[in-house]
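Thank you for letting me take a few minutes of the meeting today. I would like to walk slowly through one structure, beginning with its enclosed spaces and then turning to the charged side chains.

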Amino acid sequence: GIVYIDRRNLFVDMGIGKERPYWVVAFMDIVGGSVGGAARIPPGHPLDTVKVRMQTTTKYKNMLQCFMDVLKQDGVRGLYRGAQSPLFGMAALNATLFLAFGQGRSWVLKGTGRNRLSLFEKMYVGWFAGIWCTFVEGPVDFFKCQLQMRPKEYSGFWNCVFKIARKYGIRGIFQGLGPSMCRNVPAYGFFFTFNDVTKKFLASPGQKIEELQAWKVLIAGALGGLGFWGITYPIDVVKSAMQSDNIDPTKRKYRNMKRCFSQIYKTSGLKGFYKGYTPCMVRAGPANAFAFFGYDYSIRAMEYAGL
């Protein structure tokens, strides 16, 4: 069928653009999302390693101490440990995310007969996209956490994947899916909403959103990332703890989310739910700036090519 979408930036309301076949819309979302997913890894992964280590251990007093310890022990390579998982998975994750958001947006607009989403509708569609992308992001984050926290148990990314899948099957690779879903559904609503509001604020009088300068796209992407992490971070601490836990169910420290919450609170109080918060927020800006930039300019390039 034919669906209505915006001309370039598929997740920002600019009025109805040209009509495109469904497969073209999906193709553009997948390509743009894949580029955006890969673009966030180089600036973001080192601080993600620091974040996960600070979330799951009590060894470090601050971000700099953790960063220098990893650098001293393993060099730059240590900061990028586990990067293969998000490098492969972020492309699929972002493709799923933007595809789900684009299609959810189209369904809402077709159902209401309007040509733009309200602020709350945009958040609802973000929640919808968050549900679907969790089924990709859950395993991606799980393998990343295992490689970051248990590097001696695996020879590499694919060894980690096959070792866990062979022994524990589908259930094994979805370890920590519950907290992943609890984090992602609200967080992706904030992710898209913060980005959209910022773009509209930065647009000059009479300037179309799809014509925003690169620096404005980067700032909007950065604020989208801060919106994602700023509010839902305590749930991410629980997610990281459960995904870094032993893959053998009989040897796990945390049997479920409730137990994980209570253990963290018992050990560290409310402060425990904000371990690693500083590196996470420092990382959120540049990583998501490049993710949105990669997506946005990929869409522009495909638009320019005539898609």
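**Cavities and a salt-bridge network**

The largest cavity in this structure has a volume of about 160 Å³, and I should say at once that we are looking at a predicted model. As for how we look for such places, rolling a probe the size of a water molecule over the atoms shows where empty space is left. Counting those of 30 Å³ or more, we arrive at two cavities, and I will take them in turn.

Which residues lie nearest the centre of the largest cavity? They are Arg-40, Met-90, Glu-137, Trp-229 and Arg-283, out of a lining made up of 17 residues. Helices α2 (41-56), α5 (119-149), α7 (177-202), α8 (214-243) and α10 (277-304) are the elements that give two or more residues to that lining, and it is α8 that gives the most, with four residues. If we sort the lining of the largest cavity by class, we find ten charged residues, six nonpolar ones and one polar one.

The second largest cavity has a volume of about 60 Å³, and its lining consists of ten residues, with Ile-41, His-45, Asp-48, Met-90 and Arg-283 lying nearest its centre. You may recognise Met-90 and Arg-283, since both were also named for the centre of the largest cavity. Here α2, α4 (84-112) and α10 each supply at least two residues of the lining, while the largest share, four residues, comes from α2. By class, the lining of the second largest cavity has four charged, four nonpolar and two polar residues.

Let me now move from the cavities to the charged pairs, of which the count comes to 15 salt bridges. One of them joins Glu-137, which we met at the largest cavity, to Arg-183, with the closest N and O atoms 2.9 Å apart. Because Glu-137 lies in helix α5 and Arg-183 in helix α7, this pair ties together parts of the chain that are 46 residues apart in sequence.

Arg-183 has another partner in Asp-236, and in that salt bridge the closest N and O atoms are 2.6 Å apart. This pair also links distant parts of the chain, for Asp-236 sits in helix α8 and Arg-183 in helix α7, 53 residues apart.

A further salt bridge runs between Lys-239 and Asp-141, where the closest N and O atoms are 3.2 Å apart. Lys-239 belongs to helix α8 and Asp-141 to helix α5, which places the two partners 98 residues apart.

Are these charged residues buried or exposed? Glu-137 is buried, and Arg-183 has a relative accessibility of 1%, so Arg-183 counts as buried too. Asp-236, with a relative accessible area of 0%, is buried, as are Lys-239 at 1% and Asp-141 at 6%. Taken together, salt bridges that share partners join Asp-48, Lys-51, Glu-137, Asp-141, Lys-144, Arg-183, Asp-236, Lys-239 and Arg-283 into one network.

I will finish with a residue in another setting, Gln-73, whose place is in helix α3 (residues 63-79). Gln-73 has a relative accessibility of 46%, and therefore counts as partly exposed. Leaving aside its neighbours within four places in sequence, Gln-73 is in contact with Arg-53 and Lys-59.

Methods: Residues are numbered from 1 along each chain as its sequence is written. This is a predicted model: local features need pLDDT of at least 70, side-chain atom pairs count only at pLDDT 80 or more; totals for chains, interfaces and linings use all residues. Side-chain values use heavy atoms; hydrogens and water are left out. On a 1 Å grid over the protein atoms alone, a cavity is a set of points where a 1.4 Å probe fits but cannot get out, and a pocket is an open set with protein on both sides within 12 Å along at least five of seven lines; lining residues have an atom within 4 Å of a point. Grid points are joined across faces, edges and corners, and a volume is the space filled by probe spheres set on the points. Ala, Val, Leu, Ile, Met, Phe, Trp, Tyr, Cys and Pro count as nonpolar, Asp, Glu, Lys and Arg as charged, and the others, Gly among them, as polar. Buried means under 20% relative accessible area, exposed over 50%, partly exposed in between (1.4 Å probe, protein chains only). Contact means heavy atoms within 4.5 Å. A salt bridge is a side-chain nitrogen of Lys or Arg within 4 Å of a carboxyl oxygen of Asp or Glu.
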